[in-house]
Amino acid sequence: MDLIELHDIRKTYRLGEVDLPVLMGVSLNVSRGEFVALMGSSGSGKSTLMNIVGCLDRPTAGAYWLDGREISKLNASERARLRNRMIGFVFQTFNLLPRTSALENVMMPLIYSRENLTDNQKKQRAVSLLEKVGLADRLDHLPSQLSGGQQQRVAIARSLINHPQVLLADEPTGNLDSRTNAELLQMLQQLNSSDGITILIVTHDPGVAQHARRTVYIKDGLIEQSLSI
Amino acid sequence: MHRYGILKTSLNALRRNVMRTMLTTLGIVIGVAAVITMTEIGNGASIAIQRTMASMGANTLVVIPGAANTGGINFGFGSLMTLTPQDADAIIEECPAVRSVAPIVRARTQLIFGNRNYVPTYLYGTTPAFLDIRDWTDLENGEAFTEHDVRNANKVCIIGRTIVRQLFGEESPIGKEIRIRNVAFKVVGVLRAKGANMMGMDQDDILLAPWTTIKYRVVASSLSAANQSNTNTGNSNEVNTLSQIYPNLQQNLYPVASSTEQTDTPQPIRFTNVDQILTAAQSASQIPSAMQQMTVLLRERHHLLIPDPDDFNIRDMTEITKAMSSTTELITKLLLCVAMISLVVGGIGIMNIMLVSVTERTREIGLRMAVGAAPSDILRQFLTEAVVLCLIGGTMGIMLGRSASYIVTSVLHWPTAASVGAIVVSVFVSASVGVIFGFYPAWKASRLDPIDALRYE
Ligand SMILES: Nc1ncnc2c1ncn2[C@@H]1O[C@H](COP(=O)(O)OP(=O)(O)OP(=O)(O)O)[C@@H](O)[C@H]1O
Ligand SMILES: [Mg+2]
């Protein structure tokens with residue numbers, strides 16, 4: 001069984017009286033260790049799909065298995081626990097806590113973890129992740145004292161703190177210049193190949209998509225085409 | 001989720017906005033400070049009231065002998081002679097709830113000084129402890145008689161203002177001799193003026209002397225007539241009808257002792273009895289236990305069997321004590337109202353700021369949820385924040401209140417008394433205010449949708 005299995009996922013938003021169907025029967029399988037790019041025009045429902053995959057949102061209809069568990073019926077607390085344990089998020093707008101050091105930002109998800117770690121272990125883990133993303137000398141910097149690329153790297157470190165199986169990145173390079181962009185992709189590829197983390201990345205940039213092993217195109221709420229390299 | 005992590009997160013959030021945290025807690029600070037100060041002032045006042053009451057005799061208990069019952073005629077309390085000075089000694093030794101004991105021997109007779117005479121309301125033979133019980137140890141002039149005087153039955157006395165006025169006018173009475181039934185008592189002290197008591201009796205109309213002196217030199221020769229249950233000498237002709245027709249016709253069986261003989265060798269009758277025993281309980285709250293201890297002790301000393309009624313009676317100042325406790329109760333209730341109002345106002349302030357804080361930090365909440373915070377985690381975090389806020393406010397309020405009451409004492413000279421109870425209650429109440437008024441904002445935060453919260457601008 002694949003790590004992620006979406007079967008005929010539908011999502012319909014209700015705006016007052018009007019029904020707004022965004023996803024209209026998406027079926028997609030992603031196996032363990034894959035690196036998938038998700039492309040499509042603006043408003044095609046990429047973020048909506050990512051939210052469902054990331055257990056932030058529930059589909060209106062359809063079935064979703066994550067690691068063999070049907071999760072479209074889970075309640076808010078159960079989904080929160082699942083997100084904490086299985087999924088790492090990297091957002092377009094970094095979403096770091098302001099006035100909080102890089103180190104503490106990275107450690108933040110551990111507060112909600114079920115793992116029993118000592119303060120020292122937590123810190124060690126965060127430090128080694130920050131080292132991995134090349135920010136060993138920026139541990140005590142606040143987000144406002146970091147460049148965009150550095151902030152995004154802190155965000156990646158944070159997403160990895162609970163050893164997730166899936167990394168979801170919604171336009172992670174949207175706010176970065178092309179060089180930082182390339183560095184970041186390098187890092188993601190590294191994570192994918194050496195740590196075996198399954199990565200889903202939403203992007204508008206065909207150059208970014210080239211780094212992925214498979215590109216999924218979405219259009220009008222349906223998967224249009226799925227290309228593997 | 002780890003409790004410690006939540007607490008740390010809450011403290012961090014509060015630290016990020018120190019100024020606002022301080023301003024938010026101001027309501028609680030002032031509320032708690034008001035409660036503390038008021039309680040301490042109230043406590044001080046009630047202790048002062050208690051002290052005043054005590055000087056009026058609120059803690060005193062009077063033991064009087066029981067009623068003589070002869071041939072179906074009840075002579076009323078005090079007509080039996082069952083109390084002894086040894087009872088008084090035993091009470092002070094064996095009743096821990098009793099602070100002080102003074103036996104009293106009463107007399108009612110004329111005082112003579114020079115060409116003036118006067119009959120005082122109170123002519124008491126007692127011990128120096130009497131002054132302690134009545135909170136009267138500070139004399140206006142001279143000194144009180146001593147235990148030594150009591151033991152030796154010395155002819156000394158201290159007198160109240162009224163007697164000074166009646167017998168001495170403007171003269172100083174110290175060192176002068178007052179004659180009581182031809183016994184000369186040297187005045188050694190003058191009592192501080194006390195005025196009338198609650199019943200309107202002039203408390204300064206009093207003469208105090210060692211009870212031994214009064215008993216053996218003044219009363220012994222004369223009081224037998226007042227005690228129906230006892231006669232001193234073998235008056236076998238008492239039943240003689242002649243004596244009723246001619247009361248002065250007395251036939252003594254024994255030669256009558258001369259007055260000199262009588263004063264020199266006082267003849268105790270059966271045993272030495274006292275008219276009352278005045279006692280003071282350790283405190284107002286100890287009055288019931290003092291009564292209980294004395295009852296048990298006296299019954300035992302008087303060899304009373306279980307079915308026998310008490311041959312004595314203990315009277316307390318129930319009315320005064322009641323009045324006192326109802327005053328204190330009223331004060332406490334008033335303070336509670338003040339506390340409630342100020343803490344509710346403070347709590348509303350906390351709720352207001354917490355709501356603002358939740359709105360402000362919507363994105364943060366969304367992010368925390370995205371990385372795995374369950375709604376209950378968010379709820380707990382904001383609740384903890386509110387409680388911590390209130391506890392900070394409570395702590396500062398306690399310190400502010402304590403310093404305020406200190407200032408009140410040192411500047412206005414009002415009595416205050418620290419109250420551990422008020423401090424404990426304040427801490428508890430401010431934590432509860434945090435929970436009650438922090439709950440709605442925290443609940444609102446926990447119900448946020450992570451996606452909406454993350455997108456929130
Ligand atoms: N909460 C919502 N309520 C109503 N409609 C929504 C909501 N969220 C998204 N939509 C609609 O769903 C559609 C898909 O949105 P989505 O964010 O998934 O697009 P997207 O593919 O990520 O676009 P972009 O590339 O611009 O990020 C849009 O038309 C949007 O208006
Ligand atoms: Mg999007």
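# A tour of ligand 1 and helix H14(B)

Start by selecting ligand 1, which lies between chains A and B. The model on screen is predicted.

Next, show the residues around the ligand. There are 15 of them, and the closest are Ser42(A), Gly43(A), Lys46(A), Ser47(A) and Thr48(A). Coloured by type, this shell divides into 8 polar, 4 nonpolar and 3 charged residues.

Now turn on the secondary structure of chain A. Strand E1 (4–15), strand E2 (18–30) and helix H1 (46–53) each supply at least two residues of the shell. H1(A) gives the largest share, 3 residues.

Zoom in on three contacts with oxygen atoms of ligand 1. Select Ser47(A): a polar side-chain atom of this residue lies 2.6 Å from an oxygen atom of the ligand. Thr48(A) also places a polar side-chain atom 2.6 Å from a ligand oxygen. At Gly45(A), the atom to pick is a backbone N or O, 3.0 Å from an oxygen of ligand 1. Ligand 1 taken alone exposes 630 Å², of which the protein buries 70%.

Leave the ligand and select residues 420–446 of chain B, which form helix H14. This helix has 27 residues and reaches 37 Å from its first C-alpha to its last, close to the 39 Å expected.

Where does H14(B) kink? Centre the view on Phe439(B): a kink of about 45 degrees lies there, shortly before the proline Pro441(B).

Finally, display the side chains of H14(B) that are buried. Among them are Ala422(B), Ser426(B), Ser430(B) and Val433(B). Further along, the buried residues include Phe437(B), Gly438(B) and Pro441(B), the proline that follows the kink.

Note on methods
Residues are numbered from 1 along each chain as its sequence is written. Chains are lettered from A and ligands numbered from 1 in the order in which they are written. This is a predicted model: local features need pLDDT of at least 70, side-chain atom pairs count only at pLDDT 80 or more; totals for chains, interfaces and linings use all residues. Side-chain values use heavy atoms; hydrogens and water are left out. Helices (H or I, at least four residues) and strands (E, at least two) are DSSP runs, numbered from the N terminus. The expected span of a helix is 1.5 Å times one less than its number of residues. The bend at a residue is the angle between axes fitted to the seven residues ending there and the seven starting there. Buried means under 20% relative accessible area, exposed over 50%, partly exposed in between (1.4 Å probe, protein chains only). A residue is near a molecule or strand if one of its heavy atoms lies within 4 Å of it. A polar contact is a pair of N or O atoms within 3.5 Å; within protein, one must be able to donate a hydrogen and the other to accept it, and residues adjacent in sequence count only if both atoms are side-chain atoms. Accessible areas come from the Shrake-Rupley method with a 1.4 Å probe; for residues, only the protein chains shown count as cover. Ala, Val, Leu, Ile, Met, Phe, Trp, Tyr, Cys and Pro count as nonpolar, Asp, Glu, Lys and Arg as charged, and the others, Gly among them, as polar.
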